[in-house]
Every structure is written in structure tokens, then in C-alpha cells.
Amino acid sequence: MQNTNRLYYDNAYLTAFDAKVIALRELDGRCEVALDQSAFYPTSGGQPYDTGTLGGVRVTDVNVEDNVVWHRLDGSLSVGDSVHGEIDWPRRFDHMQQHGGDHVLAGACWELFGGETIGLHLGEEVSSIDMTLPGGRTHLTEEEILRLETLVNERIQRDDPVRCWFPDEEELSHLPLRKKPTVTEHIRIVAFGDYEYVACGGTHPATAGQLGVVKVISCAPARGKMRLTFVAGMRAVKYLQSCALTAQKIAKEVSGDVVNAHEAYLREKEAAKDVRQRLQQSLTEAAVEIAQASGVSLPDGGTLYARHLSFLDRAALLHAASFLVKGGNALALLTCPDKNGCAVIFLRSADRNDDMSLLLRESGARGGGKPDMAQGSAADESVLEKAKEILGAQK
Ligand SMILES: [Zn+2]
């Protein structure tokens, strides 16, 4: 079958064209057509397909098989039809920016850190490059990412031309390719200025400046490799806008100044922590006083403090219980509200032999622990009355 003449090889800016339907097939109940020539980019090399229309019929997917480009239609056409094709330019140009961003980023990462690209994924929101680094490193430091971003954006601002061509074997052997081509014939080379030469069948902007901005979003290990996640072009502008808006909102809350917002935030955080600690301390003191007033005698002469403390949380409850048994010969059985009903803590002083874990279970609470301290949860604070009964406490 006739290979498709791929018009985007010569002109990545071609948005409309005329062609003839030369073949038709049905796949998964959908009509797919092949044309004598097409400007539609088929999914390949990590760059997603173009959408658009053919003869007014919507194109929903494009794939290439054995040099034939197949256009999946949301409708049907017939072999022999002359059709006018139009591709969705904003989608394509966005892909050209992300794909071009990948070239400049991968090239700079190779140059600066010896990073070798293993795979590329252009996503709907962000794109990522999987790389291996010398010595099996799986991430870059913050400082290395800044250097990388700086070099990439300096190169973009130089606005060098981007060229695509099919060199002969002789010329190809002299090109400083970043990586070995994966195909052996009809090798198409893309060159960004004099710093990125690589075999690629994708669509690229005519100059590096059209990439606008490249921003690394994250750099993290992924399946033993390093994954660089990034955005380019208008996506990067939008991303940076949303970062700036968030930073401005935070700055307004803490100081009104974006540049010093982080220091101001840390100061506020420290101050809030201090207030929280003092508040917790006061609450615990108040709780201890209330619980002390509830003290009753045990048959063996010890003191039992059993009390529901509605304004404490589990951590503060333990704190209060420790305080109550500090004087010795005492048990502290405390509850406070939590998401399961009640948090329960049973604690004994070190000089007693009661089994708190057993008592907790016998009182009907869920949970456990050790003889000296047990905790769990209960439907409500009635577990305290039950425990008092078991212990035979006197009013
Ligand atoms: Zn490319």
C-alpha cells in the first residue's frame, strides 16, 4: 500500500490541506481512512496525535502503521473522495511546544549531567522525561535543577532556528547526535541551534524562541530512573501564573511581600506552635484540676480518678493521666471525644499492680496495651462507670 506523504515533515505549520482517500478500514466499529498525503501527526515518539476534520468529519485519533497514516473518523468517507483536511492548531502547537521543550531540556541535561533519555511522555497537563544519570543517580539537587532551567531558558531566548532534514549517510556520520538513531534508513534529524542534534520524526517550532518558557515541576526517582516533569510554552506561563497567585495569597496572609513570604511564614508557624503549646498546657492543667476533684478511694486505699474530659484530645488525655498518677498509689481512667465516640486511656502509677489492659477490656472498651497503661476507644464514657464498678471504688 502507498506510503502516506507526510506534509508535516516539510511544514509543521500547515494547518489545512487537500488529499484523496486511498484506503478505508473498520476498526472497533469506527471508520479509518488512509490518504495520499496528510498533515495530521500520528501518535509517535512520545508526541500525541492531532485532531481536526477531514471533509467535515471529525478526526478522533491518528496512528501510523508501516508508513501509512490512519485517520480514525467520527463518521465515514469513501475511497476516492477528495477531502479537505484541517487540523486543530492550538492542540498541535501546544504539542510542538512540549515536544520542543523536551528536546532542549533533554539536550541540556545530557550536556550538564550526562543524563541519557530513556523515554518521553507528553501528558494532557504535564510532560515527563525518564533518564538515567551516571553512577545510577535518580535525582538532581535543587541547585542542579536551577542550573538546568537557566541553561534551557537562556537557549530558548537565543531564539536559534530549528532545522529538520534527511541527511545522507556521509553527513549523518559527522553530526554530533545526542543519541544513536533507533531507525537505520530515512533518518530525519532535528537541530536546535548548535546544541541539540537528534533523530526525530516529530513536529517542531521553527525557532527555539517559540517554546517561550520551560519550567521543571519535579525531579524524582521512578522505577530506578530519574523522572523530570516539566511544562513548556503557554502551559509554563499558566503554571507560573498559578504559582505566583498562590505565593501572593500566602504573602498577603503573612507579610504582603512575596520575596520574604517564606521567612514570614516560618515565623508565623513558630509563633502558632508556641500558642498551641501554651494552650495545650492550660487545657491540661484545667483538666487535671477537674479530674482531681473527681478522686475517690479504692478498697485498697489508693485513689481513683475517673473522668470524661470533653475539651481534650487523645494526646492531651495521656498527658493529664500521667500528671494525675504522678503522686503514686493512683489510677487515672480518662475519656475524651474522638471520631469513634470516645478515646479511652487507663493509666496506673508505677507502684500499683492493677492490669489496665484487662480492666479496659472488661469495661467494654476496644483496644489494649500493657498492665501499666492501656488505650482504645468506646462508644461513650459509660465505660468509666463500668470500670469503677469493677474496681469497687467508694464515693
Ligand atoms: Zn523532535
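# A guided look at strands and helices

Visitor: Which residue in β18 is the bridge partner of R307?
Guide: Welcome! This is a predicted model in which local features need pLDDT of at least 70 and side-chain atom pairs pLDDT 80 or more, while totals for chains, interfaces and linings use all residues. Residues are numbered from 1 along each chain as its sequence is written, and side-chain values use heavy atoms, without hydrogens and water. In β18, R307 has as its bridge partner L334.

Visitor: In which sense do β17 and β18 pair, parallel or antiparallel?
Guide: Strands are DSSP runs of E with at least two residues, and helices are runs of H or I with at least four, numbered from the N terminus. Two strands pair if DSSP finds at least two bridges between them. Strand β17 covers residues 303–308 and strand β18 residues 330–338, and their 6 bridges make the sense parallel.

Visitor: Which helix joins β17 and β18 in a β-α-β unit?
Guide: The unit is right-handed: with the strands pointing away from the viewer, the path from the first strand over the helix to the second runs clockwise. Its helix spans residues 314–324 and is called α7.

Visitor: Which strands stand at the edges of this sheet?
Guide: The open sheet has 6 strands in the order β16-β17-β18-β19-β21-β20, with mixed pairing. Each edge strand has a single partner, so one side of each is left without a neighbour in the sheet. The edge strands are β16 and β20.

Visitor: What angle does the direction of α7 make with that of β18?
Guide: Helix α7 packs on the sheet and touches β17, β18, β19 and β21, where contact means heavy atoms within 4.5 Å. Axes are lines fitted to C-alpha atoms, for helices over the stretch in contact, and angles between N-to-C directions run from 0 to 180 degrees. For α7 and β18 the angle is about 165°.

Visitor: Which residue in the turn between β16 and β17 has a positive phi?
Guide: Strands β16 (residues 296–297) and β17 pair in the antiparallel sense over 2 bridges, and V296 has L304 as its bridge partner in β17. The two strands form a hairpin with 5 residues between them. With a phi of about 95°, the turn residue is G301.

Visitor: Which residue in β19 is the bridge partner of P337?
Guide: Strand β19 covers residues 341–348. It runs antiparallel to β18, joined by 8 bridges. The partner of P337 is C342.

Visitor: How are α2 and α3 set relative to each other, and why?
Guide: Helix α2 (residues 89–113) and helix α3 (residues 142–158) have axes 9 Å apart and an angle of about 125°. Angles under 35 degrees count as roughly parallel, over 145 as roughly antiparallel, 65 to 115 as roughly perpendicular and the rest as oblique. The two helices are therefore oblique.

Visitor: Which residues of α3 does α2 meet?
Guide: From α2 come V104, L105, A108, C109, E111, L112 and F113. Their partners in α3 are E144, R147, L148, L151, V152 and R155.

Visitor: In what order do the barrel strands run?
Guide: This barrel is closed by 6 strands with antiparallel pairing. Its neighbouring strands are turned by 45° against each other on average, direction ignored. Within it, β2 (residues 16–27) and β8 (residues 82–87) pair over 5 bridges, with F17 opposite G85. The order is β2-β3-β7-β6-β5-β8.
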